[in-house]
Amino acid sequence: MLHLLDSLTRMPILRKFRSAARVFRDRGLSDTADLARLRAAELYRTRRHLPADPARRARMLALNLNRWGGLSSVPVEAADLAGLRGDVLEPYLRFRYSAAAAAAAELASSLRPVEAAMAADSFLAVWDFPGIVASAPGWTRAAAGTPYALRIAQAARRALLRLGRLEEAATGLEVTGDDRGALALQGDVCDALGRMDAARTAYEAAIRRDGSDAYVREVYGFHLMKAGRVRDGLASWMAADLLAGNYPLRRDRPQWTGEPLGTRRLMVLFEHGLGDMIQMARFLPRLIAREPAASVMARVPAPLLGLFARQFRTVRLVAEDAREPDYDLFAPSMHLAGVLDAPDLEPRTRYLDLGAPLARGSARPRVGVCWRGHPRQYEFTRSIPIGLFSTLFAARDVDFAVLLNRLTPEEEASIAREPNVEAPPISDFVDLAALVASCDLVVSVDTAVVHLAGAGGVPTLLLSRPDSCWRWGTAGAEGPWYRSVEVLRHGGDLNWPALLDAAAARIRMLGRAAAA
């Protein structure tokens, strides 16, 4: 009998039941039901039955290939599926892009046109941008004379953008097409190169073609903010979120649109990256001042809880994985400026209390450094290899403090060779804030470290991406969000040595000034 009970508790269905019971206990019925729907949809996509009828398969394939607005849509006919290998088609139709990409790589020398298009899309989905650039000529030959060839060429341009090869991405851009996806691509390339008038023309033409596409609305919003039209850009981003249906949880509560709250309860959903959350936290005091009778809550990831609790004492903070209290309306944090109709982005400095500075080991200036972020599609143009970044450590008249909470073995070995570099332990943003507060200068790539330092008023050099994130504008040293952040720009293709040389010169000046 005991053996039977033990076997039953190991069954997958019972494990799922216990997991659901824990979610119900911690998060309540509404969230449990919503999470169950999301998981069921994910399970269905990855394991769904694939129809044998070619026409139905063609419709399914067309829906997947044309699921977003960043590439031109392509028609798929039942005849196009003749002779396709299941090794590529079946994982692709089940959204298993890693498996589809691996299978396409194995069949590289014999891909059919549709398989080549699926390969390009799968490589994009798993952010294998070097693989796209290397494989695109073979895919293009396989798809020659078909509509799929244009899609593959567009995917290759997007890969070049993500690799920081902007001029290559722009070469012959006018032949990419004139449909919504092609126009969105032209806008993205021109925006990356700082050709703002051409980018705006392309984006607005794409919206005229299809104003219901969430991707086009989103990148147009980013473009407007980058061009200095922050409120218009945020409005376009809000429209994109609504089109994409980005808020499936708690659909029984309305989204706040800026009307007076009175005594109602508002939940602010802090979202996207940790840096985005710090960036938008500046609007919480404005919200509280405008709606003094409202009960304001905020759902925040665990690493930021301590930092926000110290600063926003009248806001009820809820851990991201904790059971939510009931509320009347919600507002995504990225929408706060829009729903508050904020006329400016103030405060642009010192709106976060960084706490007591961490003690220093010497009287020399301290420079905080961060050379990478968490992996995402921008990593090829956002993060700097430690072997290249470590050239900054040649300045021996300053101390360096690493602003990363964990290092790779290669990074640990590199730092161990530097007598003036230390990596204090960091467990959350309270620790990180104390370390940043102790720095005379922060030098960082585009991560949450920059937002934390900017929000705390610490002088910061941002080593920007070559395509420049929407936050930092297109020219000049100062972006619109933080007064203490100076932006170092590539001025074209990826060129980390030039930016590091500029940062090194500033670090030397800091060391000489302290010694004088």
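Here is a walk through the structure, from the whole chain down to a few single residues.

Keep in mind from the start that this is a predicted model. The protein chain has 516 residues, and 51% of them count as buried. Its secondary structure adds up to 23 helices and 10 strands. If you look at contacts in the chain with a separation of 6 or more, 69% of them are between residues 24 or more positions apart.

Let's begin with a sheet. It is an open one with 4 strands, and if you read across it you get the order β3-β2-β1-β4, with parallel pairing. β3, which covers 316-319, and β4 sit at the edges, so each of these two pairs on one side only. Going from one strand to the next, the twist averages 25°.

Now zoom in on β1, residues 265-269. On one side, 5 bridges tie β1 to β2, residues 295-300, and the two strands run parallel. A handy place to see this is Met267, which stands opposite Met297 in β2. β1 is also joined to β4, by 4 bridges, and this pair runs parallel too. Here the residue to find is Leu269, whose bridge partner in β4 is Pro332.

A helix belongs in this picture as well. α16, made of residues 302-311, lies across β2 and β3, and runs at about 165° to β3.

What about the edge strand β4? In a regular strand, side chains alternate between the two faces of the sheet. In β4 both faces are covered: Leu329 and Ala331 are buried on one side, while Phe330 and Pro332 are buried on the other.

Step just past the end of β4 and you come to Ser333, in the loop that runs between β4 (329-332) and α17 (336-339). Is Ser333 buried or exposed? Its relative accessible area is 0%, and because buried means under 20%, Ser333 counts as buried. Which residues does Ser333 touch, leaving aside its neighbours within four places in sequence? They are Val268, Leu269, Phe270, Glu271 and Met280. You have met Leu269 already, as the bridge partner of Pro332. There is a polar link to look for too: the side chain of Ser333 reaches the backbone nitrogen of Glu271 at 3.4 Å.

Another pair of strands is worth a visit further along the chain. β8, residues 441-445, pairs with β9 in the parallel sense over 4 bridges. To see the two strands side by side, find Ser444, which stands opposite Leu462 in β9. β9 itself spans residues 460-463 and has both faces covered. Thr460 and Leu462 are buried on one side, and Leu461 and Leu463 are buried on the other.

Next come some helices. Two packed helices are described by the angle between their axes and the distance between the axes. Take α4, residues 86-93, and α6, residues 113-125: their axes come within 10 Å and cross at roughly 50°. That angle makes α4 oblique to α6. The crossing of α4 and α6 is left-handed. From α4, the contact uses Val88, Leu89 and Tyr92, and from α6 it uses Met118, Asp121 and Ser122. Those three residues of α4 are buried, and so are Pro91 and Leu93 in that helix. Just after α4, Phe95 takes a positive phi of about 65°.

α6 has another partner in α7, residues 129-142. Here the angle is about 170° and the axes are 10 Å apart. The two helices are therefore roughly antiparallel to each other. α6 brings Pro113, Ala116, Ala119, Ala120, Phe123 and Leu124 to this contact, and α7 brings Phe129, Gly131, Ile132, Ser135, Trp139 and Ala142.

The last stop is Leu150, which lies in helix α8, residues 147-162. With a relative accessible area of 30%, Leu150 is partly exposed. Setting aside neighbours within four places in sequence, Leu150 is in contact with Ser72, Val175 and Thr176. Leu150 also shows how the chain folds back in space: Leu71 is 79 residues away in sequence, yet the two are 9.2 Å apart, C-alpha to C-alpha.

Conventions: Residues numbered from 1 in each chain as written. Predicted model: local features only at pLDDT ≥ 70, side-chain atom pairs only at ≥ 80, totals over all residues. Heavy atoms only, no water. Buried < 20%, exposed > 50% of the residue type's maximum accessible area, 1.4 Å probe, protein only. Polar contact = N/O pair within 3.5 Å; in protein donor to acceptor, adjacent residues only side chain to side chain. Contact = heavy atoms within 4.5 Å. Pairing = 2+ DSSP bridges. Axes fitted to C-alpha atoms, helices over the stretch in contact; angles between N-to-C directions. Parallel < 35°, antiparallel > 145°, perpendicular 65-115°, else oblique. Left-handed = near helix turned anticlockwise from the far one by under 90°.
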